[in-house]
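Me: I'd like a close look at one part of this protein, namely the place where its helices meet. Could you walk me through it, residue by residue where that helps?

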Amino acid sequence: MPQERKTAMISVRLSSAMLTRLDFVANNTDTPGVKNRSTAVERALEAWLPGQEQRLVDLGVITKKAR
């Protein structure tokens with residue numbers, strides 16, 4: 001994994017229904033470290049990304065070294 005930068009900001013468009021769900025869960029979860037939208041989205045991406053990267057490795061699109 002490449003050395004991580006402090007943070008980077010991205011812009012994301014979500015449906016109002018998704019945003020309502022995200023806010024509700026982020027504000028009512030007991031998951032340690034999840035206190036707002038940003039950390040909730042980051043956790044979701046952290047859970048989703050490894051499987052997608054592995055799929056691309058399996059397809060030969062990226063190498064394990066590239067991750």
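Reply: Sure, with one thing up front: this is a predicted model, and what follows describes that model.

Let's set the scene. The protein chain has 2 helices and 0 strands. Helix H1 covers 16–28, and helix H2 takes in residues 37–59. Their axes come within 9 Å and cross at roughly 100°. Angles of 65 to 115 degrees count as roughly perpendicular, and H1 and H2 are therefore roughly perpendicular to each other.

Now for who touches whom. On the H1 side you'll find Leu19, Leu22, Asp23 and Ala26, and these meet Arg37, Ala40 and Val41 of H2.

Start with the charged pair. Arg37 makes a salt bridge with Asp23, and their closest N and O atoms sit 2.6 Å apart. Arg37 belongs to H2 and Asp23 to H1, so this pair ties together parts that are 14 residues apart in sequence. The structure holds 1 salt bridge, so if you're looking at Arg37 and Asp23, you've found the pair that links H1 with H2. Neither end is buried: Arg37 is partly exposed, with a relative accessible area of 40%, and Asp23 is also partly exposed, at 22%. Buried would mean under 20%.

Next, Leu22, which lies in helix H1. At 16% relative accessibility, Leu22 counts as buried. That's worth setting against the whole chain, where 9% of the 67 residues count as buried. Leaving out residues up to four places away in sequence, Leu22 touches Leu14, Arg37, Ala40 and Val41. Take Ala40 from that list: its C-alpha atom is 7.6 Å from that of Leu22, though the two are 18 residues apart along the chain. Arg37 turns up here again, as a contact of Leu22 as well as the salt-bridge partner of Asp23.

Leu14 leads us out of the helix pair. Leu14 is found in the segment before H1 and touches Leu22. Unlike the buried Leu22, Leu14 is partly exposed, with a relative accessible area of 42%. Together with Ile10, Val12 and Met18, Leu14 makes a nonpolar surface patch of about 390 Å². For the wider surface, the protein chain exposes about 6,300 Å², with carbon and sulfur atoms supplying 56% of that.

One last stop, back on H2: Ser38 is in that helix and counts as exposed, at 54% relative accessibility. Look across from Ser38 to Met9: their C-alpha atoms are 9.8 Å apart in space, while the two residues are 29 apart in sequence.

To pull it together, follow Leu22 and Asp23 on H1 across to Arg37, Ala40 and Val41 on H2. The salt bridge runs from Asp23 to Arg37, and the buried residue to look for is Leu22, with Leu14 among its contacts.

Conventions. Residues are numbered from 1 along each chain as its sequence is written. This is a predicted model: local features need pLDDT of at least 70, side-chain atom pairs count only at pLDDT 80 or more; totals for chains, interfaces and linings use all residues. Side-chain values use heavy atoms; hydrogens and water are left out. Patches are made of residues with over 30% relative accessible area and no salt bridge: like charges are joined within 9 Å, nonpolar side chains (Val, Leu, Ile, Met, Phe, Trp, Tyr) within 5 Å. Accessible areas come from the Shrake-Rupley method with a 1.4 Å probe; for residues, only the protein chains shown count as cover. A salt bridge is a side-chain nitrogen of Lys or Arg within 4 Å of a carboxyl oxygen of Asp or Glu. Helices (H or I, at least four residues) and strands (E, at least two) are DSSP runs, numbered from the N terminus. Buried means under 20% relative accessible area, exposed over 50%, partly exposed in between (1.4 Å probe, protein chains only). Contact means heavy atoms within 4.5 Å. Axes are lines fitted to C-alpha atoms, for helices over the stretch in contact, and angles run from 0 to 180 degrees between N-to-C directions. Angles under 35 degrees count as roughly parallel, over 145 as roughly antiparallel, 65 to 115 as roughly perpendicular and the rest as oblique.
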